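Me: I'm new to reading protein structures. Could we go through this one together, step by step?

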Amino acid sequence: MQAWHRIVEQQDGSGLDDLLDDDVVFHSPVVHTPQRGKAITRLYLTAAMQTLNAPGHFQYLRELVDGNHAVLEFQTEIEGVLINGVDMIEWNDEGKIIDFKVMVRPLKAVNAIHQAMGQMLERMK
């Protein structure tokens, strides 16, 4: 968890290659099917850091850790829309993330993330 927090705080996705398992599964709040593999997960997480981690807005509010599972509640803002969500993270015995699920509320926040992430992913292509 320390490595994840460091990546988020520094907004530096370069450490994701070491943190993500090759077969990691990413569950987006706006994409219907799970995204499988390190490359696509790195892309989504990097885009999310740039989209959701606006200075002064993104913060983790709570963290619950049990064994190889963690739930981190976060809050941020996109264009005046307050976003509340959770990152649900599971890692293997080697410390590599094997499952990453993001859940967001309310609906207005999901729509704001969908639009902002779509634009960010297009710019990253």
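Me: How many bridges join β4 to β5?

Reply: Happy to help, and keep in mind that this is a predicted model. β4 covers residues 69–78 and β5 covers residues 81–91. These two strands run antiparallel, and V71 stands opposite M88 in β5. The number of bridges joining β4 to β5 is 10.

Me: Which residue in the turn between β4 and β5 has a positive phi?

Reply: The two strands form a hairpin with two residues between them. Most residues other than glycine have a negative phi. One residue in this loop is not a glycine and still has a positive phi, near 45°. That residue is E79.

Me: Is E79 buried or exposed?

Reply: E79 sits in the loop between β4 and β5. Its relative accessible area is 80%. Exposed means over 50%, so with 80% E79 counts as exposed.

Me: What about the other hairpin: which residue takes a positive phi in the hairpin of β3 and β4?

Reply: β3 and β4 run antiparallel and are joined by seven bridges. One pairing across them is R62 with its bridge partner E73 in β4. Two residues lie between the strands, and the one with a phi near 65° is G67.

Me: Which strands are at the edges of the sheet?

Reply: The sheet is open and has six strands, with mixed pairing. Reading across it, the order is β2-β1-β6-β5-β4-β3. An edge strand here pairs on one side only, and the two that do so are β2 (35–36) and β3 (59–66).

Me: In what sense do β1 and β6 pair?

Reply: Strands of a sheet pair through backbone hydrogen bonds, either parallel or antiparallel. β1 spans residues 20–27 and β6 spans residues 97–105, with four bridges between them. In one of these pairings, F26 has F100 in β6 as its bridge partner. The sense of pairing for β1 and β6 is parallel.

Me: Which strands does helix α4 touch?

Reply: Helix α4 is made of residues 107–124 and packs on the sheet. Its direction makes about 75° with that of β5. The strands α4 touches are β4, β5 and β6.

Me: With which residue does the side chain of H27 make a polar contact?

Reply: H27 lies in strand β1. Leaving out residues up to four places away in sequence, H27 touches P34, D99, F100, K101 and V102. Side chain to side chain, H27 makes a polar contact at 2.9 Å, and the partner is D99.

Me: Which residues does a cis peptide bond join?

Reply: Most peptide bonds are trans. Here, though, one bond has an omega of about -15° and is cis. One of its residues has its place in the loop between β6 and α4. The pair joined by this bond is R105 and P106.

Me: What radius of gyration does the protein chain have?

Reply: The chain comes to four helices and six strands, and its C-alpha atoms fill a box of roughly 40 × 30 × 25 Å along the principal axes. A compact globule with 125 residues would have a radius of gyration near 14 Å. The chain agrees with that, because its own radius of gyration is 14 Å.

How values were computed
Residues are numbered from 1 along each chain as its sequence is written. This is a predicted model: local features need pLDDT of at least 70, side-chain atom pairs count only at pLDDT 80 or more; totals for chains, interfaces and linings use all residues. Side-chain values use heavy atoms; hydrogens and water are left out. Two strands pair if DSSP finds at least two bridges between them. Contact means heavy atoms within 4.5 Å. Axes are lines fitted to C-alpha atoms, for helices over the stretch in contact, and angles run from 0 to 180 degrees between N-to-C directions. A polar contact is a pair of N or O atoms within 3.5 Å; within protein, one must be able to donate a hydrogen and the other to accept it, and residues adjacent in sequence count only if both atoms are side-chain atoms. The radius of gyration is taken over C-alpha atoms; the globule rule is 2.2 Å times the number of residues to the power 0.38. Buried means under 20% relative accessible area, exposed over 50%, partly exposed in between (1.4 Å probe, protein chains only).
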